[in-house]
Amino acid sequence: MEDTLFFDRLISNLRSTSKYYTGYPKDLGPSKIISFTSEREFVQLLHEGQPVAVAFTIKCPFTKHFDKVLEEAASKFHPHVKFMRVECPKYPGFCITRQRKDYPYIEIFHSPQQQEANPGKASDANTTKYAVKVLPFNYDVSTYGFREFFKRHGIQSSEPK
């Protein structure tokens with residue numbers, strides 16, 4: 001009986017002090033993940049200037065773990081990187097344009113820049129075209145994986161030291 005009490009105290013101490021303990025549930029506060037509702041809202045989010053990590057998901061067993069990792073990463077990198085979840089069965093048009101079939105997956109959208117109008121083509125004066133860099137996320141789906149990805153691609157994910 002005393003051994004189990006000691007073990008419970010030891011594990012409790014480990015969970016409260018360890019920086020790298022990844023046990024769930026963690027108290028991350030309110031969700032920092034934005035739910036996709038429209039392409040217009042997505043474009044407005046891009047215009048804010050921060051990189052946006054977009055998770056394209058479907059209902060599958062892996063999605064439950066995937067959502068927990070996204071929540072943790074979103075709380076870690078907020079407000080420097082925005083995280084958005086797109087439920088592909090609800091918004092198939094947006095997901096189909098990405099031309100990938102291996103769900104769930106993540107893409108990072110960043111650095112929107114306004115494009116110059118082509119002098120040879122007639123264009124609507126009310127339409128503004130933008131070029132956005134899209135990077136496929138092919139690292140470990142964890143907070144560490146996101147940090148390494150952002151470092152590798154020069155995306156500022158935290159306050160400068």
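Colleague: Let me start with Glu87: why does Glu87 count as partly exposed?

Modeller: Happy to explain, with the reminder that this is a predicted model. The relative accessibility of Glu87 is 31%. Buried would need under 20% and exposed over 50%, so a value in between is called partly exposed.

Colleague: And what makes Lys90 and Glu87 a salt bridge?

Modeller: The closest N and O atoms of Lys90 and Glu87 are 3.5 Å apart. The cut-off is a Lys or Arg side-chain nitrogen within 4 Å of an Asp or Glu carboxyl oxygen, so the pair qualifies. The partner of Glu87 has another label: Lys90 counts as exposed because its relative accessibility is 57%, and the limit for that word is over 50%.

Colleague: How many salt bridges does the structure hold?

Modeller: There are five. One of them joins Arg100 to Asp102, with 2.9 Å between the closest N and O atoms.

Colleague: Why is Arg100 called partly exposed?

Modeller: Arg100 has a relative accessible area of 24%, so it falls in the partly exposed class. Its partner Asp102 has 44% relative accessibility and therefore also counts as partly exposed.

Colleague: Which salt bridge lies in helix α5, and how far apart are its two residues in the sequence?

Modeller: That is Glu148 with Lys151, whose side chains meet at 3.4 Å, N to O. Both residues lie in helix α5, which covers residues 143–152, and they are three residues apart, about one turn of the helix. Glu148 is partly exposed because its relative accessible area is 23%, whereas Lys151 counts as exposed because it reaches 58%.

Colleague: Let's turn to the interior. Which residues touch the most other members of the largest nonpolar core?

Modeller: That core has 18 residues, and the ones that touch the most other members are Leu70, Phe83, Ile106, Ile108, Phe146 and Phe150. Two or more residues come from each of β2 (52–57), α3 (61–77), β4 (105–114) and α5. Helix α3 gives the most, with five residues.

Colleague: What makes a set of residues a nonpolar core?

Modeller: The members are buried residues of certain nonpolar types, joined through side-chain atoms within 4.5 Å. Another core lies apart from the largest one: it has 14 residues, among them Leu46, Phe56, Val86 and Cys95.

Colleague: What is Phe150 in contact with, leaving aside its neighbours within four places in sequence?

Modeller: Phe77, Val81, Ile108, Ile155 and Ser157.

Colleague: Now a polar residue: why is His110 called buried?

Modeller: The relative accessible area of His110 is 10%. Buried means under 20%, so the label applies. His110 has its place in strand β4. Outside its neighbours within four places in sequence, it is in contact with Pro51, Val132, Lys133, Leu135 and Ile155.

Colleague: And Asp67: buried or partly exposed?

Modeller: Asp67 is partly exposed, because its relative accessible area is 22% and buried would require under 20%. Asp67 lies in helix α3. Between Asp67 and Thr57 there are 9.2 Å in space, C-alpha to C-alpha, and the two are ten residues apart in sequence.

Colleague: On the surface, which residues form a nonpolar patch?

Modeller: Phe6, Phe7 and Leu10 do, and together they have about 330 Å² of accessible area. Leu10 is found in helix α1. At 44% relative accessibility it counts as partly exposed, and patch members need over 30%, so Leu10 meets that requirement.

Colleague: Which element has the lowest mean pLDDT?

Modeller: Helix α1 (residues 2–17), with a mean of 73, while strand β3 (residues 82–87) has the highest, at 92. For the protein, the mean pLDDT is 79, and 76% of the residues reach 70 or more.

Colleague: To finish, what pattern does the protein follow along the sequence?

Modeller: The order is α-β-α-β-α-β-α-β-β-α, with five helices and five strands. Of the 161 residues, 30% count as buried. The accessible surface comes to about 11,300 Å², and 52% of that belongs to carbon and sulfur atoms. Among contacts between residues at least 6 apart in sequence, 70% join residues at least 24 apart.

Key. Residues numbered from 1 in each chain as written. Predicted model: local features only at pLDDT ≥ 70, side-chain atom pairs only at ≥ 80, totals over all residues. Heavy atoms only, no water. pLDDT = per-residue confidence, 0-100. Helix = DSSP H or I, 4+ residues; strand = E, 2+ residues; numbered from the N terminus. Patch = residues over 30% accessible without salt bridge, like charges linked within 9 Å, V, L, I, M, F, W, Y side chains within 5 Å. Areas by Shrake-Rupley, 256 points an atom, 1.4 Å probe, with all protein chains shown as cover. Buried < 20%, exposed > 50% of the residue type's maximum accessible area, 1.4 Å probe, protein only. Contact = heavy atoms within 4.5 Å.
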